[in-house]
Structure formats: structure tokens, C-alpha cells
Amino acid sequence: MLLQGKTLLMFEDNLENITVQKALLEREGAQVHLFAGGTTSDVVEMLPIDAIIMDLMIPGDTDGFDFYTMLKNRSELASVPIVAVSAMDASLAVSKAKSMGFAGYIAKPVKLDKFASQIATIISGEAIWDANRR
Amino acid sequence: MSIFQRSLRLSMVVAMMLIAVVPALVIIVGIVVASNNQARTQSINQLSSLAVTKTDNIELLLSNGEDLLELMLNDQRQLPRMRDVATSLDRRLSPTQQVSSYLQEVQETQSVFDELFLYTRTGEVRSSSTTSLQGEFIVSLPFYRDSIDGVRTHPIFVEPETDKPTVVITLPIFDDDRVVGILAGRVSEAQIVDIMTDYDGLGTTGDNFLVSSTTQQAVTPLRFVNDTLTASTFAIDEVLAGNSGNAQYENSRGETVYGVYRWIETIGAGMVLEIEQGEAVGAFRNFVLLSGGVAILAIIAALGMVWWIQQQLIAPLTQLTTTTSEIAAGNYGEQVHIQSKNEIGVLAASFNLMSREIKNLFDNLEQRVADRTRDLVEARDEAQKANNAKTAFLATTSHELRTPLNAVINYTGLIDQGYWGSVTPEQSSALNTISKSGQHLLNLINDLLDMSKIVSGSLEVYKSEVDLNSEIKDVAEIAQGLLENDNVHLITEIEPDLPPLFGDSVRIRQIMINMVSNACKFTASGHIRLVATKQNDLFLFKVEDTGIGIEPEDYDVVFAEFQQTASGVTKGKGTGLGMSISKNLAEAHSGAVWFESVYGEGTTFYLKLPFNKQTQLN
């Protein structure tokens, strides 16, 4: 149980992705909250959180990168690791995520046998850059 | 510009100097020198011939004198009387009067002698054509002693009483072979002086005179000096030493003269003839002046030529160059004002036409550039817009194509793992096929999207520091997973602690995985060797396999877009884009991908990337 007692917040609007990722995380003991939209204050209210799993293509005018910046501007969230999980073009997304200070990047489709351990690694403070080419 | 003009003008002046002025000056100098030489030669010749003539005249005079005296002594009527006069002890007892009368008579009939006289062996003058010497003793006179010894013509001397040049001819009177007296004649001083004061052929500055060896003085009158000449000159010294010749020297008046001197033994005197150099040369003055005039005309003509060329060529040229500079400085349409009808005029007219044309063109050009710039800006904006749209479309498409595939892949995986209830082995096998096909489709989509970026020119690399060590470790792990069976061994030779490389980590990894997966795909047995090293400022990654190799005719196909080698087609995997994409990605990093292969034995693919941080400008 890699994620026993961990609370995770997942930004994701695609039902299939939610299903798969939630399944992979919960079977390792994590408690997964969904965030389907809202302000940074809404996020702060959900503290304590061990990590935020963020799809970069979220509904609305603000994309994941913008929302990341807004979150990081909240001092309450400064220490919460945020990992991008995206089906975007990896080359651009990884480079941008690295430069913005994301805790990691995991390309979709997530690997069933690795996803939970990658999240655990990120919570432990180590970066994961998985562009998943091949 | 001004240096150009000056130097052109200067070079022309120098050229003219060389062509006209220098030769003219050389000719002038040559003519002056030649004239002087010619003047001297001519003067010397003239003086020499005069000297010969005058010497001959003097000697003729003397020989006439001797002949006359001999004639007198041959007069058998007079000879005994003369002997008597010479021998009688008392002159009053001898026929001195008759002899004197005879001498006087002869004297009057000829002009050779001024005076005829007869003296005894002891030097007492017994008879004379004049009374002046009668009864005198002439022992002290210079000719006396020699006359007794038989010398006939005596050295010239200046008679102290008369201060006249005097030449005396004496003939001895014999009595029984014994000299008893002397018949003497004083040669006409006027005749000698006439010869030596005839200045014909001596111009206006020429002079001639006789110099006595006994007195070391000129004994004939000087043309320009009344006094007796005592000064010594080169010619006087030479002639008194008995020499004859010619020379250029200073005369007694300090004038430079050409002179000829001639020793006349019979009268013991030297004849000197001289003419001033100035007069001698003056004869050639007209010739020199003419030549000099011609030379000066040549110089003036040369200078005139310089002036003319300056007017005709350099001035218009200067105007042209100045105006050209004006045009070059941006004053289009400047005109030159040259009226001449010659080639320069034609050039000027063409130049003006060209200048106006340039102005027109330039005016039009500005408008055209503005128009074209506006068009280009519009086109650029259009292209930019189109490109942005294309990039956005590709990004969206990429995302939209992958999302459903993600669901397919992950759902089949979850089902296979028994997440939604247990599955039979047959079902598991089917699910595995779905999953693999999905993954394959995902790879194809990724390749197609990459290729479309490359083709559309919108491929971008996102550079940052890449940790090669961890990337290569991952690649090696992936390679291990890709090996199709146990007959293939993976060998890794990775240099530890490779420095970070500035590049796009995703893309570099993509290239390496592509190389590795190709090797795995085409190698059924043997080994696959991964080598990663740093060579100077290059990162070198090598994947060597013992696979089927590449046929030489397929070499070009390897990197060609949308093409696969025959064996690749047979394998039925991939799009044929992998190596083409890898090559483009490497080149986008200023690197390269290439291979070596022996068909049937294996292939080695190489990747070379610069560590150099300056490549970030890509």
C-alpha cells in the first residue's frame, strides 16, 4: 500500500481518466478528492492535501499552467507538490512544467503498474518526468 | 578624392617632364658642351693655321734678307771695297764712304732691312746705310759674338735705344778664309710688326705677339695693352721652354683664352696667338640660342599639353567623380555640366541620363519597397496566423486523438488486471492484443504528429539541461523490456558521470528509444550493445546490433519520410517515420544521426549531439 493515509486532489474532467487514475490510486490506499472547477480558495479549503494531480487541459478559459501559477501564489499551497498528468504534446509540456516548478510530469496514458508509485515518489519530494514516448 | 586628382595631375606633369622637359634640358646641355668643344677646336685650328702663315712670312722675310746680303757679297765690284773697309786699320784710309753709299743705295731699293751696315771683326761699324751707327762699337750687342762665329740670323731682341723688336742678319766677309768683317742688316721692324699686328682672323678679342727668349718679354706690340708685356702666362712659359702646342688658359689680362704657341728657332722667339673663349664660343651662340629656343618651346608645349589635358580630361573627370560621390551620398539626380562634344561630353551626357534614371528608379523604388514591405508584412502576418492555427490544430488534434486511446489502453489493462472481476486466459489474451494494438496506434499517432510538425516547419525543441545519465538508464531499461527473446543479450557501455547536455530531454530520449527499438525489432539473436560516451564537446550514443542489417540499396530509404526498408515492411511494425523523425530531431539540436551496416551481420546507429550550450539559439 504505497499511498496509505495520503490525501490527493485530482483535477480531471474526463470520466474515463478519473475512473482509471482513481482506481490505481485508491487501490494503494489513497484518499482521492476530485476538483471539477472552482477558485484557489476552494482548493485551500480542502487542505490538508499530500499532492495535487493536475490535468493541464481543464475546462474554462484558464489552462492548467495558469491555474498552477494561481495556486502557487497561495502561501497555504506553496508546499503542496503539484504533478501534471496530461495527454498534451510532451515535449512542450515537460519543458514548460519543469521551468514553472511542477513537482513532476506524467504523460497519459498513465502506466497501470507505475502510476501509484510515481505519485508516492513525488510526495516523497523527488521529481518524476515521464514523457512516455513508447 | 582630392588625392586622386592631385596624383593624376602630378603623374601627368611627371610624365611630361620625362617626355619633353628632361630631353630638352639634356639637349641644351649637350649643345652647350658640344658648342664649347667645337668653338675650341675651330679656334685652335684657325690660330694654328695663322701661326703657320705668320711664321712662314717671318722666315720668308729673313731668308729674303739673307739672299740679299749674299747677293751683295757676290758683287765682285763691291766685295773688295767692303773687304778693304773691314780690314783697314784706319777707317779714314778706306773707302768707307763709297761702301756707305753703296749700302744706302741698296737700302733704298729694298724693304727687307731698315739698315745695312758693315763692321770689322772687332765690332767697329765702318759703313752704314744710315749715319746712326757709324763709328760705333757693337761688341756689346747680342749678335756680335755669334756673327763672328758664322751665325747668320740672330735672336730677336729689343734694342735698348729704340725700344723696337730687332732681328739682325749677318754674313761674314772672308779674306783668305778668315773672317775680316761682317755685313749686317737690321731687318725691317715694320715688316715684323706688320705681320704681328695683322689681326685678320683674330676677331675682336684675338691677339698675337712674339716673345723673346733672351728678354722673356713680348717683343712685338700688344693689341690691347700699351705697356711691355712682362706677365707670364701658360703659353709664354711653354713657348719659352721651346715647346709648340695649344691650350686654354688665362691671358695676361685675366681673360680665358684659347691659345696656340709656336717656337721659332731661327729668331729665338716664340709666337703666341690667342683669342678669348667668349668670342670663340660666341660664334656658336646663335646655334645654341636656336637649340635652346626649340627646347624651351618643347617644354612650353609639354606644359601646354598638361594644361590642355587638365582642361579636357581631368577637370571633367573631377566633376564626374565629385558628382558620383554626391550621388553615392544619396543626392540622386545630380548633373554634371560639361559642354564638350568629344568622348568626355558623350560620357557626361550618358552620366546625366544615368543619374536622372537612378533618381527615377530610386523614387519609384521607395514606393515599391513600401508597397512590397506592406505586402510582405501582410503575408507574414497571414503566414504567422496560419502557422499559429496549424500549431494549435496539431496540439488539439494530438490531445484529442490520444484521449480516447488512453481510455482504450488503460481500460483493457484494468480489466486484464481483474479490476472489474476475473478474466479467463482467453479473455486476457484478447485484452492484451487490444492493449498492444492501442499502444501501437498511439505510437503511430505520435509519429504522424511529429512528422506533420516537421513537414509544416513547426517542429520546436524545448531546451533545458538534460541529465543524460538518468535518460540513458531509462533507455537501457526500456531496451531490456523490448528484447523479443532470450537469444539477444543487451550490453551497455555507458560512461559514468556524463555532464548535462543542453537540449530537449523528451526529444533526445525519443531519438535514443527509436534507435534502441529499431535494433530490438530487427535482431533475432546475438547482442545489442549500447555505448554512450563524451568525445570532446560531443555526446556520442551508439546502438550496435547483430541483426539482419540493411541492404545497400536501402541506405537511402532509412532516413526517407514515409518509407520503410523491405525488411521493415516485412516486420509490419512502425510507420517508417521513426528514423526520419530522429534525424530531424538530432539536426534540430545541431547534431546528427547516421549508421553503418553489413547486410546479414548487423547495423550500428550513431547519434551525435553537441554539449555546447551555444546551440540553444536553435
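**A walk through two chains**

In this predicted model, a good place to start is chain B, where strand β14 (residues 526-535) is joined to strand β15 (residues 538-545) by 8 bridges, the two strands running antiparallel. Within this pairing, B:V531 of β14(B) has B:K542 of β15(B) as its bridge partner. Follow the backbone from one strand to the other and you pass through a hairpin with 2 residues between β14(B) and β15(B). One residue to look at in that turn is B:N536, with a positive phi of about 55°.

β14(B) also pairs with strand β12 (residues 488-494) of chain B, this time in the parallel sense, over 7 bridges. To find your place in that ladder, look for B:V488, whose bridge partner in β14(B) is B:G526. In general, strands of a sheet pair through backbone hydrogen bonds, and they can do so either parallel or antiparallel.

While you are in chain B, have a look at helix α10 (residues 425-456). With 32 residues at 1.5 Å a residue, α10(B) should span 46 Å, and its end C-alpha atoms are indeed 46 Å apart, so the expected and modelled lengths agree. Just after this helix comes B:G457, which takes a positive phi of about 75°.

Now let us turn to chain A. It contains 5 helices and 6 strands, and along the sequence they follow the pattern β-α-β-α-β-α-β-α-β-α-β. Of its 134 residues, 55% are buried. Among the contacts in chain A with a separation of 6 or more, 66% are between residues 24 or more positions apart. Its accessible surface comes to about 5500 Å², and carbon and sulfur atoms account for 50% of that.

The 6 strands of chain A form an open sheet with parallel pairing, in the order β2-β1-β3-β4-β5-β6. At the edges stand β2(A) and β6(A) (128-130), each with a single partner strand, so one side of each is left without a neighbour in the sheet. On average, neighbouring strands of this sheet are turned by 25° against each other, direction ignored.

You can step across part of this sheet strand by strand. Strand β1(A) (residues 7-11) is joined to β3(A) by 4 parallel bridges, and A:L9 has A:I52 as its bridge partner in β3(A). From β3(A), 3 bridges lead in the parallel sense to strand β4(A) (residues 82-86), where the bridge partner of A:I52 is A:I82. Then 4 parallel bridges join β4(A) to strand β5(A) (residues 104-107), with A:A84 partnered by A:Y105. Helix α4(A) packs on the sheet, touching β5(A) and β6(A), and its direction makes about 165° with that of β5(A).

Which way do the side chains of β3(A) (residues 51-54) point? A:A51 and A:I53 point one way, A:I52 and A:M54 point the other way, and all are buried. In a regular strand, side chains alternate between the two faces of the sheet.

Finally, consider helix α3(A) (residues 64-72), in which A:G64, A:F65, A:F67, A:Y68 and A:L71 are buried. Seen down the helix axis, the buried residues of α3(A) fall within an arc of 160°, so they line one face of the helix. Their cover in chain A includes the strands β1, β2 (31-35), β3 and β4, along with the helices α2 (40-45) and α4 (90-100).

Note on methods: Residues numbered from 1 in each chain as written. Chains lettered and ligands numbered in written order. Predicted model: local features only at pLDDT ≥ 70, side-chain atom pairs only at ≥ 80, totals over all residues. Heavy atoms only, no water. Buried < 20%, exposed > 50% of the residue type's maximum accessible area, 1.4 Å probe, protein only. Pairing = 2+ DSSP bridges. Arc of directions from axis to C-beta. Contact = heavy atoms within 4.5 Å. Areas by Shrake-Rupley, 256 points an atom, 1.4 Å probe, with all protein chains shown as cover. Axes fitted to C-alpha atoms, helices over the stretch in contact; angles between N-to-C directions. Expected span 1.5 Å × (residues − 1).
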